[in-house]
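The following note is offered to a colleague who intends to examine this model. Its points proceed from the overall dimensions to individual elements.

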Amino acid sequence: MRQRLVPAALLLPFALLLTACGGNSAAETSTGIDGQGSFTLNVGDQKGGSEAVLRAAGELKNLDYKIKWSTFTSGPPLLEAVNAGAVDIGGVGNTPPVFAAGAGSKITAVAAFKGTSKGDAILVPNDSKLTEPEQLKGRSIAVAQGSSANYQLVASLKAAGLSLGDVEVKYLQPADALAAFTAGKVDAWAVWDPYTSQVLLSEQGRILTTGDGVTNGLTFQVAAPSALEDKKKAAAIKDYLERLRRATTWVYDHQEEWAEVWAKDTGLPYDVALASVKRTNATRVSVAVDKPLIASEQEIADTFTELKLIPKKVDFGDFVDTRYNGDLPPSTTRARTS
């Protein structure tokens, strides 16, 4: 018999973690202030995101400016706050900036992190007869519309010689998709970590294919143009990004420690958190916001425009600022292997 998954309702808080950041908007909550100084940097975050990793790595010490943290449940509302100027900078996945740009939002991608896409997977039940992506033709697949998994599904199907028209797409948010998947109401589920790790560890499914090699594995720090025009805030953003880059490196050498913090912050079981850290989080490296990166995001934008999920063509290059690149490696740098 299959082991039973954690109920969908208990997994709902993890549905819109940083790696995907798709779905509907949701309210934000204020989580406190760090540092001291004469001005405040307003930072948007998600559960188990930037604040947690910076604190775990000891990178919130000796701040000569204040950080006011606001936590959002997904990327789209965080970018809505950036657009409104309520947040100066915040972290999201590779898809929300594309949709925000398509809506004409005032956002600017200022930093990028690259990881493997092994946690972005198309899952099938253990007893499924499917063994190759090509066999998905005519099958039903659950996915969250507009999420990174949505693009991963499109890209994986294309690599297999298929298109969205060749499959029956069920647009479901993760909690509903989980229920449908475990009840056998869909043949496959395109999703991201920590869901991938949850399904694998509870032996409810296996990986048919992953986004590794077909999606860019990028996450972003996105700033408000008004903050970048303010000299004090622009300098604080530079310092903040340097701290975040060091914290990202710290994760690679402290995977178990970070998994404990992440599990506590999100409510994930520790074994799921650790598996997700090893598969996805610890693989991230800081990379430059450069021409290959812009081209990669442009491909995502063009794909969603063709699918009519974005109303107009987006020139992603209009929504980036390279001033914080410094001597960072190019975006084509390979992610770490944990």
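1. The radius of gyration is taken here over C-alpha atoms, and the globule rule is 2.2 Å times the number of residues to the power 0.38. The model under discussion is predicted. For 338 residues the rule puts a compact globule near 20 Å, and the protein has 19 Å, which agrees. Along the principal axes, the C-alpha trace spans about 60 × 40 × 35 Å.

2. Burial and contacts may be considered together. Of the 338 residues, 57% count as buried. The protein exposes about 14,100 Å², of which carbon and sulfur atoms supply 50%. Among contacts with a separation of 6 or more, 83% are between residues 24 or more positions apart.

3. The protein has 12 helices and 12 strands. One local arrangement deserves attention: β2, helix α2 (residues 50–56) and β3 make a right-handed β-α-β unit. Strands β2 (residues 40–46) and β3 run parallel and are joined by seven bridges; within this pairing, Asp45 stands opposite Thr71 of β3. Strand β3 (residues 66–72) is mostly covered, with five of its seven residues buried.

4. Which residues of helix α3 (residues 75–84) are buried? They are Gly75, Pro77, Leu78, Leu79, Ala81 and Val82. The cover over the buried residues of α3 includes β2 and β3, together with β4 (89–93), α4 (96–102) and β11 (218–223). After α3 comes Gly85, whose phi is positive, near 80 degrees.

5. A further assembly is an open sheet of five strands in the order β8-β7-β9-β6-β10, with mixed pairing. Its edge strands are β8 (168–171) and β10 (206–210), each of which pairs on one side only. Neighbouring strands of this sheet are turned by 30 degrees against each other on average, direction ignored.

6. Within that sheet, strand β7 (residues 140–143) and strand β9 (residues 188–191) run parallel and are joined by two bridges. Ile141 stands opposite Ala188, a residue of β9.

7. Two helices lie across strands of this sheet. Helix α5 (residues 148–159) lies across β6 (121–124), β7, β8, β9 and β10, and runs at about 120 degrees to β9. Helix α6 (residues 174–182) lies across β6, β7 and β9, running at about 155 degrees to β9.

Note on methods. Residues numbered from 1 in each chain as written. Predicted model: local features only at pLDDT ≥ 70, side-chain atom pairs only at ≥ 80, totals over all residues. Heavy atoms only, no water. Buried < 20%, exposed > 50% of the residue type's maximum accessible area, 1.4 Å probe, protein only. Helix = DSSP H or I, 4+ residues; strand = E, 2+ residues; numbered from the N terminus. Pairing = 2+ DSSP bridges. Right-handed = clockwise from strand over helix to strand, strands pointing away. Contact = heavy atoms within 4.5 Å. Areas by Shrake-Rupley, 256 points an atom, 1.4 Å probe, with all protein chains shown as cover. Axes fitted to C-alpha atoms, helices over the stretch in contact; angles between N-to-C directions.
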